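Reader: Could you take me through the salt bridges in this one? I'd like a close look at which charged side chains pair up and where they sit.

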Amino acid sequence: MSRYSKSLLFSALLALSSLVSGLGTSCSAPLGGGTAAPSDPYWLETIKHQGTSAFNSDPSSYQVFRNVKNFGAKGDGVTDDTAAIKHVIVLVPECKLTDFLARRCHLVDVAEVDLVIPPRQCRASRVSVNTSTNRTRSVTPAIVYFPAGTYVVSSAINTYYYTQMIGDAKNPPTLLASSSFNGFAVIDADPYIPNGWGAQWFTNQNNFYRSVRNLIIDLRQMPASTSAIGLHWQVAQATSLINIVVEMSTASNNKHQGIFMENGSGGFMGDIVFNGGMYGIQVGNQQFTVRNLTVNNAATAVSGIWNWGFTFQGVTINNCQVGFDLTTGGTTTSNQTVGSEAIIDAVVTNTPIFVRSSVASKGQLAGSLVLNNIQLNNVPTAVGVVGGTTVLAGGTKTIASWGQGNVYSGTSGSKTFTQGNIVSANKPSSLLNSAGRIFGKTHPQYANYAVSQFISVKSQGAKGDGHTDDTAAIQNVLNEYTGCKIIFFDAGTYYVTNTIQIPAGTQIVGEAWSVIMAGGSAFSDQNNPRAVIQAGAANSQGVLEISDMLFTTAGPAPGAIMIEWNVHDPSGQQGAAGMWDSHIRLGGAAGTNMQSSQCPTGSISASCQAAFLGIHLTSGSSAYLEGTWVWTADHDLDSSGSTQISIFTGRGILSESHGPVWLIGTSEHAALYQYSLVNAQNHYIGFAQTETPYYQPSPAAPAPFSTVSSYNDPTFSSSIDMAWGIYIQSSSNIIIFGAGLYSFFNNYSQDCLSTNTCQAQIFNVDSASSVTAYSVSTIGTTYQLSVSQNGVIHSSDNADGFQETFTAWST
């Protein structure tokens, strides 16, 4: 197979026809497979682009979609395209203070030189001072599009906030670093400011809304002895890398690496391939989920610098010296190392060592490790320590379920330090693919579909200007074209005042996170909540795909259920009903009426109630949600200094689904809970990252909302008065493979962090549920896990750096 086999396989999968359950009134036949000719460009290149940024100060002239070839890039493999690409990203010839607010401009021009990496920063708090002159902006979305070709670059391509860099999905283009390349990385998501003593363009924990897709990055013209990085990917939530290949030197002792990530609060990446290099990826981040990672012929496939928790789902390692090389042993805040590494469904071949720790555990927690369904082929050491000590012998075999760390079960709070076999979760067949691995489905990109197979909502009368009521226009498009056209939401903000009913059979794709914003009297009553988006009628079956969309409210909207998910995938069509790289953002952005001036911290204003519930998976549904972030804003994206605010949402994600459900995303800052599973079955949860609202317990949960028995809300008391991270009732076959449940504040004070008293309990399972949880980290909470609201696992037993980690727990 060629080195691009993964990318080609990805494109082939996208060409498969889709099953639909119904047709719109204008349809005479189902959509079927893609009809684009092999020589046709990717549809995104040629579709009419009429996207706008509704709340930009100059929306009529602001350009969302930018084809690099329209701005002078040649892509001929010879011409230096660096200047043209940078111009496309900025589209401002000269930086001025007034430009920054309306456009995409930086007041500091980062020199294209190799910079010394400062020590890792800001691990100890979710909030940090933004030392750069940049601000995050929701009003400057952009797609930087690369047609097929080879683009020579000689210095770093510095990316901006709210940007998608997308290559032709049919024929992924190449960014070729020239032999004289001078810069930190080919693509740099958070550049360092020269002479800035470690200051960067963006606050790493707030570096949201980034995506890079369908690109090959080639470092091989650079000398093997030169430090070369494909992507500097220091990012936070609502970010993704998809269908990326990085080509590096295979010379002995080369200094190339595919990804370098030293900080942040992520995040998701998937369907990525690294060939050669000193490191495939070298990563340090609070938390991340990585799915479908392949590394070939690297010295080290994955170098783990530090984290609170990483989940790797679906890993292929071939002909490397070390699979995972982990810095371990730091169990205090001042000496943070890899806190938790969870690896599921890996195939490792011809690699001497699969996992290597920097220090031995010596019989106690020194970094948690979970291995689940690991197939080794000629791998002499499965788990070892630097210096040669073998912890787990390898060979050619399968590791069913093995862990290193503190293991618990039931209601016993007694830990058992384990370096051996641990509980193996029951995996329902509905969650698995034909190879017995946890199922995964790549972000739909419709690579082989022709432009004629899409219909634009703006071309059908929707305005997307943030003010016009687009409810009827959107509903008409869905009613007419579901099942025979892919619905394209041109970039914009579509204001709706009633429920949008999306029939089973619908495929929706946005442009730079097209926004559906709900407002008006229909969503004003928390005693009579109403869905903004109804994904399928009750008990419906069929394809329902949503990608690159964002859902929000123009507050107040205390009765808004952002997404009611009813659709179930048809038999034999796993993952046919799903959502990719689509997010819920409540408050904290232009147009929401809930920014720093309206919702300052300490204010408990009814006008700052953003929603009743984020996502509701109903009992008859199935769902594949990948890279979905449900966020109630804790700061204002569009204010100077990202000012903290007090926004109120009732609930995060409620699942009553009987499955199958795959949740790979996060939920933060809702008043009652971030995840609630009630009567749910057959769920796989990748890395679940939650944060308790910063204002709690003032007001105490559930205020300013009330508990509602029909939604099976948890109860609260004087001792349990803050939002649950995860709350599980009467549910079965629930697998949690990595979680970070954080409580950073108590009424905006962080004095409680050092004593883990910000919150008493954060993760609850009732006695009627069957749950297996691996690699769970908590911050600021006294009990890490409770059974029927009685604390079981005490955080003081599991110090693992800034966070506390238990390796496994089962009912």
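Author: Sure, and keep in mind that this is a predicted model. Let's start with aspartate 218 and arginine 220, whose side chains meet in a salt bridge at 2.9 Å, N to O. Aspartate 218 is buried because its relative accessibility is 10%, under the 20% cut-off. Arginine 220, at 36%, counts as partly exposed. So this salt bridge pairs a buried aspartate 218 with a partly exposed arginine 220.

Now for arginine 213, which has a salt bridge to aspartate 581 at 3.0 Å, again N to O. Arginine 213 sits in strand β9 (residues 210-218), while aspartate 581 is in the loop between β31 (577-580) and β32 (583-586), so the bridge ties together parts that are 368 residues apart in sequence. Both ends are tucked away: arginine 213 is buried at 2% relative accessibility, and aspartate 581 is buried at 4%. There's also a third member here, as Arg213, Asp548 and Asp581 are linked in a network of salt bridges.

Then there's arginine 137 with aspartate 638, where the closest N and O atoms are 4.0 Å apart. This pair links distant parts of the chain, 501 residues apart: arginine 137 is in the loop between α4 (97-102) and β3 (142-146), and aspartate 638 is in the loop between β34 (623-632) and β35 (648-655). Arginine 137 and aspartate 638 are both buried.

As for the total, the structure holds 9 salt bridges, including the ones above.

Note on methods. Residues numbered from 1 in each chain as written. Predicted model: local features only at pLDDT ≥ 70, side-chain atom pairs only at ≥ 80, totals over all residues. Heavy atoms only, no water. Helix = DSSP H or I, 4+ residues; strand = E, 2+ residues; numbered from the N terminus. Buried < 20%, exposed > 50% of the residue type's maximum accessible area, 1.4 Å probe, protein only.
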